[in-house]
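The following exercises ask you to read a structure step by step, with a worked solution after each task. Look at the sequence and the model before you begin.

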Amino acid sequence: MKKLNVISRKYWNRQPCNIKHSKKKLFSKEYFNEVSKKRYFVEGHIKNFVNFKKWKNKKVLEIGFGIGTDAIEFLKNGAKYNGIELSDKSHEITKKRIKIFNFKAESLIFDEAENLSKHFSKKNNFDLIYSFGVLHHSSSLQKCLREIYKIMSPKTELKVMLYAKNSYKYMMMKKKFLRYEAQKNVPVIDFYDHEDIKKLFSKFKLKEVRQDFIFPYKITPYKKNKYVKVEHFKYMNKNIFNTFRENLGEHLLITARIK
Ligand SMILES: C[S@@+](CC[C@H](N)C(=O)[O-])C[C@H]1O[C@@H](n2cnc3c(N)ncnc32)[C@H](O)[C@@H]1O
């Protein structure tokens, strides 16, 4: 395994993504339902980006499924779900979550994305390969994209979210107005602009690259599940907020195919 990923795995094992999003009894149905509710309330653009319904009876591979919130959404909508995840703790939680909700995944692999082609090939004929907020934490985005390319067939759609450099969040962090609260002290984190994406995805046919998502809430109440907007967003006109979101959103939403 890549050295950096050994460190990364320890980090994600200590704090699996969004694990604190509910105060209900850990890993109960109620707990997982609340985690999902919070995710899609705060990050409503995910459903719009993925369109979970579209993948009914289709073969889906998710890279870096975390505690399985999107996995459940795919399964709920009838997808044939496969996943790969670096953190054994997250892998274990997702396995439990899928069982609790009486779903069945086709496969749930515990490994790094850098080893994708050891587990899958073009023959899997995936309809969708999906990865949300993962590959900018990997040891090498280039290596992961090479691995993804190897296993994509002409019908595979690739949907990836990477952090945007040209974003409100990045600017505020640079000015030290904001800290990276969601993943404090994360071992690897990268940010990309549209030019970087063109270069990184030069072997792919880019269908769409767009920005979305501004987090408008105050952090302290948010941690207690209270949604209080910071003043400048509270009074911002909706159209202006949308313009902000589309131009300076922190998520780069990429849809691609192979050439
Ligand atoms: C920010 S979380 C996102 C999880 C999930 N996609 C979501 O949106 O909730 C990042 C996840 O990627 C996983 N991860 C990081 N590097 C990885 C790699 N190289 N291969 C596979 N998974 C990785 C981490 O273990 C963690 O679960």
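**Exercise 1.** In this predicted model, find which residue of S4 stands opposite Glu-62, and describe how the two strands pair.

*Solution.* Start at Glu-62 and look across to S4, where Tyr-130 stands opposite. Then widen the view to the strands themselves: S1 and S4, the latter covering residues 128–132, pair in the parallel sense over three bridges.

**Exercise 2.** Determine how S1 is joined to S2, and what unit the two strands make together with H4.

*Solution.* First consider the pairing, in which S1 and S2 run parallel and are joined by five bridges. Next, take one pair of residues as a landmark, since Lys-59 stands opposite Lys-80 in S2. Finally, add helix H4, residues 69–76, and you will find that S1, H4 and S2 make a right-handed β-α-β unit.

**Exercise 3.** Decide whether strand S1 is mostly covered or mostly open.

*Solution.* A residue counts as buried if 20 or more other C-beta atoms lie within 10 Å of its own. In S1, which spans residues 59–63, four of the five residues are buried, and the strand is thus mostly covered.

**Exercise 4.** Describe the shell around the ligand, naming the closest residues, the element that gives the most, and the kinds of residue present.

*Solution.* Begin with the 23 residues that surround the ligand, of which the closest are Trp-12, Cys-17, Gly-64, Gly-66 and Leu-86. Then turn to the elements: helix H1 (3–14) and strand S2 (80–85) each supply at least two residues of this shell, and H1 gives the most, with three. Lastly, sort the shell by kind, which yields nine nonpolar, eleven polar and three charged residues.

Conventions:
Residues are numbered from 1 along each chain as its sequence is written. This is a predicted model: local features need pLDDT of at least 70, side-chain atom pairs count only at pLDDT 80 or more; totals for chains, interfaces and linings use all residues. A residue is near a molecule or strand if its C-beta atom, placed from the backbone, lies within 6 Å of it. Ala, Val, Leu, Ile, Met, Phe, Trp, Tyr, Cys and Pro count as nonpolar, Asp, Glu, Lys and Arg as charged, and the others, Gly among them, as polar. A residue is buried if 20 or more other C-beta atoms lie within 10 Å of its own, exposed if 12 or fewer, and partly exposed in between; C-beta atoms are placed from the backbone. Two strands pair if DSSP finds at least two bridges between them. A crossover is right-handed if, with the strands pointing away from the viewer, the path from the first strand over the helix to the second runs clockwise.
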